Amino acid sequence: MAILEVDDLRKEYGGFVAVEGSSFSIERGEVFGVVGPNGAGKTTTLKMLAGLVEPTDGHAVVAGHTPGEPAMQRRLGFLPEESPLYEEMTAVEYLSFFADLYGVPDSVADERIAASLDRLELEHRDRRIGNVSKGMKRKVAIARALVNDPDVLIFDEPASGLDPLTTNYIIEFTRELAAEGKTVVFSAHNLFHVESICDRVVIMNDGRIIARGSVEEIRDAHGGTEYHVYATADAGDGIAENGHYRHVVEEMAAVESIRETVQAAGGRVVDIETKTPTLEEIFLEVAGDAAEADV
Ligand SMILES: Nc1ncnc2c1ncn2[C@@H]1O[C@H](COP(=O)(O)OP(=O)(O)OP(=O)(O)O)[C@@H](O)[C@H]1O
């Protein structure tokens, strides 16, 4: 059963439409990616799900509640894109403070905070937050989103602007949270990470969803796999390159027919490469098509 349902969400700021006609549903335990360029409407979408921005139209249901209701808030962990922390506090003080706000009993909170910080491998827990690195601050912000042991996690660009090691760590941690049964919705620019951990994604552009599905489904719908067949002879539409002919086809059957044609011409196939477009390449193609349709 879907834990999160979004039906025709729309957000206008003044006369400007930031999100329009957004509908999707997310199953419990899924990792769901919201992808798109700057200004696509990702943050606005996530904030509407978290109850921080009121939709102009449409509605969302998260864990059986309308976003913003206290009962939903208890089941939600939100990691904002920019998460200002109380720099004077240590990580433990800060997290205890938020556990208190959520009404988590002290004994449970102490254990939960220590467990989160252990898992996130946070060092210098007793240093003031103002004096720790950017990556560590992000880890504290993530631990804050977990302090109420939520079912649904909404992470806005969880690893943006961090070094590759911390980024990988955070992405891996996100994957583990989903494996434990939490539902994770997150936005990201780095499509490589989206591709590596998301069960399904929506691609947004100019406030609208322009593609949706698993990365596999989106790939099949937008180009799919290509085979590059390198041969010593031209099968008809080969591209001459470095003393060989490269033939680009999309079906295995076409690969076979190139092989036969090349052999009939006295040549042979020397290599076949399978090219799978990355989500990044698909995204550029889909966003380009959407921009053309607008003209
Ligand atoms: N409070 C606001 N008032 C007016 N316009 C806003 C407001 N918040 C966002 N917008 C505009 O709405 C559009 C969508 O913004 P949003 O932050 O949701 O995009 P995004 O996909 O998250 O982008 P980024 O990757 O840059 O964070 C942008 O054009 C932005 O300028």
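**Exercise 1. The shell around the ligand**

How many nonpolar, polar and charged residues does the shell around the ligand have?

Solution. The model is predicted.
Step 1. List the shell: Y13, F16, A18, G36, N38, G39, A40, G41, K42, T43, T44 and E81 surround the ligand.
Step 2. Sort by class, with Gly counted as polar. The shell then has four nonpolar, six polar and two charged residues.
Step 3. Assign the residues to elements. Both β2 (16–27) and α1 (42–50) give at least two residues to the shell. The largest share, three residues, is supplied by α1.

**Exercise 2. Strand β1 and its partners**

Determine which strands are joined to β1 by bridges, and in which direction they run.

Solution.
Step 1. Strand β1 (residues 2–13) is joined to β2 by eight bridges, and the two strands run antiparallel. One position in this pairing is E5, whose bridge partner in β2 is S25.
Step 2. Look at the turn. The hairpin of β1 and β2 has two residues between the strands, and G14 takes a positive phi near 60° there.
Step 3. Strand β4 (residues 57–62) is joined to β1 by five bridges, again in an antiparallel arrangement. Here D7 stands opposite H59 of β4.

**Exercise 3. The six-stranded sheet**

Give the strand order of the open sheet of six strands, and find its edges.

Solution.
Step 1. The order is β5-β6-β7-β3-β8-β9, and the pairing is mixed.
Step 2. The edge strands are β5 (76–79) and β9; each has a single partner strand, so one side of each lacks a neighbour in the sheet.
Step 3. On average, neighbouring strands of this sheet are turned by 15° against each other, direction ignored.
Step 4. Add the helix. Helix α6 (residues 164–179) packs on the sheet and touches β3 (31–35), β6 (152–156) and β7 (183–188), and its direction makes about 155° with that of β7.
Step 5. Examine the end of the order at β9. Strands β8 (residues 200–205) and β9 (residues 208–213) run antiparallel and are joined by five bridges. M204 stands opposite I209 in β9, and N205 has R208 as its bridge partner. Their hairpin has two residues between the strands, with D206 at a positive phi near 50°.

**Exercise 4. The four-stranded sheet**

Describe the open sheet of four strands and the helix that lies across three of its strands.

Solution.
Step 1. The strands follow the order β11-β12-β10-β13 with antiparallel pairing.
Step 2. At the edges stand β11 (239–241) and β13 (269–275), each with a single partner strand, so one side of each is without a neighbour in the sheet.
Step 3. The average turn between neighbouring strands is 25°, direction ignored.
Step 4. Six bridges connect strand β10 (residues 226–231) to β13. Within this pair, Y230 is opposite D271 of β13.
Step 5. Helix α9 (residues 252–264) lies across β10, β12 (244–249) and β13, and runs at about 10° to β10.

**Exercise 5. Packing of α3 on α4**

Classify the orientation of α3 and α4, and list the residues that make their contact.

Solution.
Step 1. Helix α3 (residues 91–101) packs with helix α4 (residues 106–119) at an angle of about 130°, and the axes are 10 Å apart.
Step 2. Angles of 65 to 115 degrees count as roughly perpendicular and those over 145 as roughly antiparallel. The two helices are therefore oblique to each other.
Step 3. Their crossing is right-handed.
Step 4. The contact consists of A91, V92, L95, S96 and A99 from α3, with A109, I113 and L117 from α4. By class, these residues are seven nonpolar, one polar and no charged.

Technical notes. Residues are numbered from 1 along each chain as its sequence is written. This is a predicted model: local features need pLDDT of at least 70, side-chain atom pairs count only at pLDDT 80 or more; totals for chains, interfaces and linings use all residues. Axes are lines fitted to C-alpha atoms, for helices over the stretch in contact, and angles run from 0 to 180 degrees between N-to-C directions. Angles under 35 degrees count as roughly parallel, over 145 as roughly antiparallel, 65 to 115 as roughly perpendicular and the rest as oblique. A crossing is left-handed if the near helix is turned anticlockwise from the far one by less than a right angle, and right-handed if clockwise. Two residues are in contact if their C-beta atoms, placed from the backbone, lie within 7 Å. Two strands pair if DSSP finds at least two bridges between them.
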